[in-house]
Amino acid sequence: MALSSADLPTVFSLLQNALSQDQSIQKPAEATLASCENRPGFCSCLLEIIASRDLEKQSDPRWLASVYFKNSINRYWRIRRDTPGIGDAEKPYLRSKLLDLIREEDNKVAVQLALLIAKIARFDYPRDWPELFPMLLQKLQSPDVLLTQRVYLVLNQTLKELSTKRLAADQRNFAEITSQLFDYTWHHWFADMQLILQGFSLVLASPDSGLQPDQGKALSLTCERWLLCSKVLRRMLLFGFQSDAKSVQEVAPVKQVSPAFLQAAQSLLQYRAVPPIREFVEKACLRLMKTLVEVQSTHPFSFSNKAVLPPVLDFCYVQVTEQSGGSTMFEHFLIKCMIFIQSVIQCASYRSHKAGRVVGASTPSLEEAKGNLAGQAEEILQSLLDKQRLVVLSEILVRRYFVLTGDDLEEWAQEPEAFHHEQEMVQWREKLRPCAESLYLALFERHREEAEICSGRCNLPVSGEWEMLAPLVVEMLKQASDNCPPAAPDADMQITPALLLKEAVYNAVGVANYDLYDYIDFKSWYDSCLAQELHNRHPNGRILRRRVAWLVGQWVSKIKDEMRRPIYSALLGLLGDNDLAVKLAACRSLHNLIDDVHFYEEEFVEFVPTCLQFLFEFMGTAQEFDSKLQIFNLVSLIIERLGEKVLPCVEKIMSFLPQVWQASEGQSLLRIQVILALQRLLMALGPQSPMCYELLFPILQYSTDVNQPDELNMLEDGMQLWQTTLRHAPVMVPQLQGLFPHLVAVMEKSFDHLQVAMNIIESYVLLGGADFLRHHAAGVVKILDSVVGNVNEKGMMCTLPVVDTLIQCFPGDAPAILEAVLQKLVVLVVNGRNDSDIVRASSGAILARILVQNSGFFAQFTSQQSLAVALQQSGVTSTDQSALFLFFDAWLDKIDSLTTLGKRKVCALALCVLLTLREPQILDRLEQILSVCTSVLHETEEEKNGNPSNYSYWSSNAHSGEEGSVSSVESEESRKRQVLGADPINSLSLAPLLKEKLQTCAALHGEAAFNTAMSRLHPMLLGQLQQLLQT
């Protein structure tokens, strides 16, 4: 039932009650409002409440009405089948009324109204609301400052919403909007900038008296409008024009706006010291720099104009090299300047590349035009960032921005773990030091590219006159070491500027390790200096201890042979340090060393007990989740890399893992690491894996339970652990038997873990044998029946080996148990139009095995009425042919899709068995049968001198899911060998069997009929067959 104006008091009362602090009043009101959202007229009632002048002093109900209106737009503006929502008759009124309410004095309500208009515009512009932007443009011409400020608020939100629509038609609409609004917005921005600077000059001239109240309010509104203008201009520049990196079409407004933005930032920075306007100045400067960075990235060629790029780049260079730190906000401004410099020097569009012109073309191609523009930009960059400036910038980055500040040291002292992780996080766009490090590394990369280009032009190696940054850093390292030599182990240490600078230079050496590789003899440096600093235990020595520990991890590529043992010993010593940040740095470097290609277990095995002991103790004292994760990753890596050499420490590990599991409740990421560590431990233990079953099974029980709360995060790793447990188990145990129902539940929920599930079933069959099948046959059939025919080719090809393994291991019992699955396979072979040839051929090979090993069941199975019904239901038209020959004809056509000799051999053996049927249709298919058999006989003759080819899928799937295992899984591999050894298929010889079955066929059908059928064979096939049977 629709709401009307008579319901306004009721709706307003509900809004007031929904704002009540009393839950007994608030909850019923919210429920009633929610039930009204999809009723026609509800939004009109809300809009009337928002517009009511009598309620202007009651801003909270009006604000809540605007929120409910906004939520209704999200849910009900588009017509839905299940709800009437907002009708087409009501929408024009709402759109028109909203535009009349733009001049809203309450800021909170004004913001919601802007969001409302933006969301409706996303749905209705331009088709149903073409007058939106002309109306807004008309309102912008009003002299009312508040009205125009609100219009820009609406424009900002609307353009933000429309800019996210990425279809070509939507982008064209946005470009059209830009063409309508850009010039007017730009002139408004420029005029407001002049007014703001005039107002600020008055504030600066009379800081005590300031502006009159009316003047201050007008200036404040102008400042807000100017900021909104800046946002609107930014969005139009970024989304209203196609990127010139693609189109190579100049974007003229870039040259118009960018210099003005730079000049505005320079002018505003003069007023940063004035307290009343400082907050606005910093906010405005950040906004301007952010826009310049994004415009340069989006329109690099237009920005590379000589009137744009040089002054902006020079301004940023000066800010970074000549300014000193101030407030946090100013630090953010420096970050923007660094980001701009880095964006320019790493800009792919500014890298010149050769592009030829098509012969006969009168105009340059797109690539040639890009190359010309890139060459011009590169010349500007080389002139602005010459060698001297690069050196100065690099040195200032290290000496000023790499140095730890007082705030850093205080944070380190208060929260060492948080300090360490903050330094390691890649948030270079948010923090000053990481941003400086990123820029420093970018300078090395650019310089390296320039050196390679110059050396290539001159046909010289990359060295000599082009190398300047690496020698600079080496010189800084020498100076820092001379000014702050290593202290004796027991010497007193003070935190001096020289020590902090040394730490900063060490940081620079570590960040640029790739480019400094040939300039620093790390072994000599470590022996003469770094080793002493690692062993200094003074509390203030932690600054260099942490940095040197980190540095070792950066220079792993140079730590080889005899250097490793002393470094292992030193890092283990740091694991016992009193400072948690130092410990974490040591963990990081140990992880890098152990994960390195030059890691050898023999060199580290003596340190394993001590290392694990330190790590277990550290795990108990660490507070931060990231710290625990880092420690546990190292433990897990040690187990993986040491393999069986970790056996002496197994008891310690097994006492440690349950503690971590219990302590990490609710932290699924850490519990996953426990599961991975257990998996690696099982691989290391191999046949001795039962010694950790007491720890293993509770974790396995929990992680494979689909009803536990962490199922979404942990199930995949739990399944992998389950698979590894089975493969390394020497015998079946009751706990493993009892776990199988979990697999049924997993597969009932989804097929996301199909590959691992099939591997688990196969391992169960090999490990548990007949006893497993007796207990869980129903579960196995339920899984296979749900999978076969309901998954794609990849899914079928990982399921069919399991069916084959069951029949191979239990040829007498398995076919009857799997009868429903086998019926699906027959249907798939006969009528699997949507299935690939390899799936149909492989399915036929499984049925062929049954024919060879249990021909009695096969005959009974193919003659059942249920199979004929299943074929008819699948779409097979009624025919006089039996199910056997329908299967035979379809399967015979796909045998050539089989690529392995083992599968083809079992098919040939099955065809030999078919020759003994009394059916006269056999003689009609004699040529096809003998063609396949002859082909397989040829292949077996070629393989005679090689290893026998077994019929098995295991060659490709044996180690699926166990990356990192050094050798094959002995327990499961031996079980597979036993099954293959007992397989009669491998002992049967095809040639004698074929000869015997041909004789039987001749006796069954009579010599005359048989000879007639043989005479129809192709002479070449007949000759080959006779030759092969004689040999």
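Which residues do ring pairs link into a cluster with Trp-186? I will start there. This is a predicted model, so please hear everything that follows as computed from that model. The cluster consists of Trp-186, Trp-189, Phe-190, Phe-200, Trp-226, Phe-261, Tyr-271 and Phe-280, linked by ring pairs.

One of those residues brings us to the core. Trp-189, together with Leu-268 and Phe-604, touches the most other members of the largest nonpolar core, which has 362 residues. Helix 36, residues 754-787, supplies the largest share of this core, 17 residues. Domain 1 (1-124) and domain 2 (915-943 + 986-1030) both contribute residues, so the core lies between them.

On the domains themselves: the assignment for the protein chain gives domain 1 as 1-124, and domain 2 as two segments, 915-943 and 986-1030. Their C-alpha centres are 85 Å apart.

Back to Leu-268, and what surrounds it. Setting aside neighbours within four places in sequence, Leu-268 contacts Met-193, Ile-196, Leu-197, Phe-200 and Trp-226, among others. The rest of its list is Phe-280, Val-281, Ala-284, Cys-285 and Leu-288. Phe-200, Trp-226 and Phe-280 are also members of the ring cluster I opened with.

Now the aromatic pairs in general. The count comes to 36 aromatic pairs. One of them is Phe-174 with Phe-239, which is edge-to-face, at 6.3 Å centre to centre and 75 degrees between the planes. Phe-174 is in helix 9 (residues 168-205) and Phe-239 is in helix 10 (residues 213-239), so this pair ties together parts that are 65 residues apart in sequence. The two partners are not equally covered: Phe-174 is buried, with a relative accessible area of 1%, while Phe-239 is partly exposed, at 31%.

A second pair, Phe-887 and Trp-891, is stacked, with 5.4 Å between centres and 10 degrees between the planes. Here both residues sit in helix 43 (residues 883-892), four residues apart, and are therefore separated by about one helical turn. Phe-887 and Trp-891 are both buried.

Two rings also have a charge over them. The charged end of Lys-558 sits over the ring of Tyr-517, 4.6 Å from its centre. The charged end of Arg-671 sits over the ring of Trp-661, at 4.2 Å from the ring centre.

Next, a charged residue in another setting. Is Arg-95 buried or exposed? Arg-95 is buried, because its relative accessible area is 9% and the cut-off for buried is under 20%. Arg-95 belongs to helix 5 (residues 91-100). A polar atom of its side chain lies 3.4 Å from the backbone oxygen of Asp-128. Beyond four places in sequence, Arg-95 is in contact with Trp-77, Ile-120, Asp-124, Asp-128 and Trp-129.

Then some backbone features. The peptide bond from Tyr-125 to Pro-126 is cis, with omega near 0 degrees. Pro-126 is in the loop between helix 6 (107-124) and helix 7 (132-140).

Which residues other than glycine have a positive phi? I will mention Val-248, with phi near 55 degrees, and Asp-561, with phi of about 50 degrees. Val-248 is in the loop between helix 11 (244-247) and helix 12 (252-269). Asp-561 is likewise in a loop, the one between helix 25 (542-554) and helix 26 (564-575). As for their surroundings, Val-248 is buried, with a relative accessible area of 17%, whereas Asp-561 is exposed, at 53%.

The last residue is Leu-1022, found in helix 52 (residues 1019-1030). Leu-1022 is partly exposed, with a relative accessible area of 23%. Not counting residues up to four places away in sequence, Leu-1022 touches Met-1014 and Leu-1017. How far apart in space are Leu-1022 and Lys-502? The C-alpha to C-alpha distance is 88 Å, and in sequence Leu-1022 and Lys-502 are 520 residues apart.

To close, I return to the core: its 362 residues include Trp-189, Leu-268 and Phe-604, and it lies between domain 1 and domain 2 because both give residues to it.

Conventions: Residues are numbered from 1 along each chain as its sequence is written. This is a predicted model: local features need pLDDT of at least 70, side-chain atom pairs count only at pLDDT 80 or more; totals for chains, interfaces and linings use all residues. Side-chain values use heavy atoms; hydrogens and water are left out. A nonpolar core is a set of buried Ala, Val, Leu, Ile, Met, Phe, Trp, Tyr and Cys residues joined through side-chain atoms within 4.5 Å. Buried means under 20% relative accessible area, exposed over 50%, partly exposed in between (1.4 Å probe, protein chains only). Helices (H or I, at least four residues) and strands (E, at least two) are DSSP runs, numbered from the N terminus. Domain bounds come from an automatic or database domain assignment. Contact means heavy atoms within 4.5 Å. A polar contact is a pair of N or O atoms within 3.5 Å; within protein, one must be able to donate a hydrogen and the other to accept it, and residues adjacent in sequence count only if both atoms are side-chain atoms. Rings of Phe, Tyr and Trp (its six-membered ring) pair if their centres lie within 6.5 Å; planes under 30 degrees apart count as stacked, over 60 as edge-to-face and the rest as tilted. A charge sits over a ring if NZ of Lys or CZ of Arg is within 6 Å of the ring centre and within 35 degrees of the ring normal.
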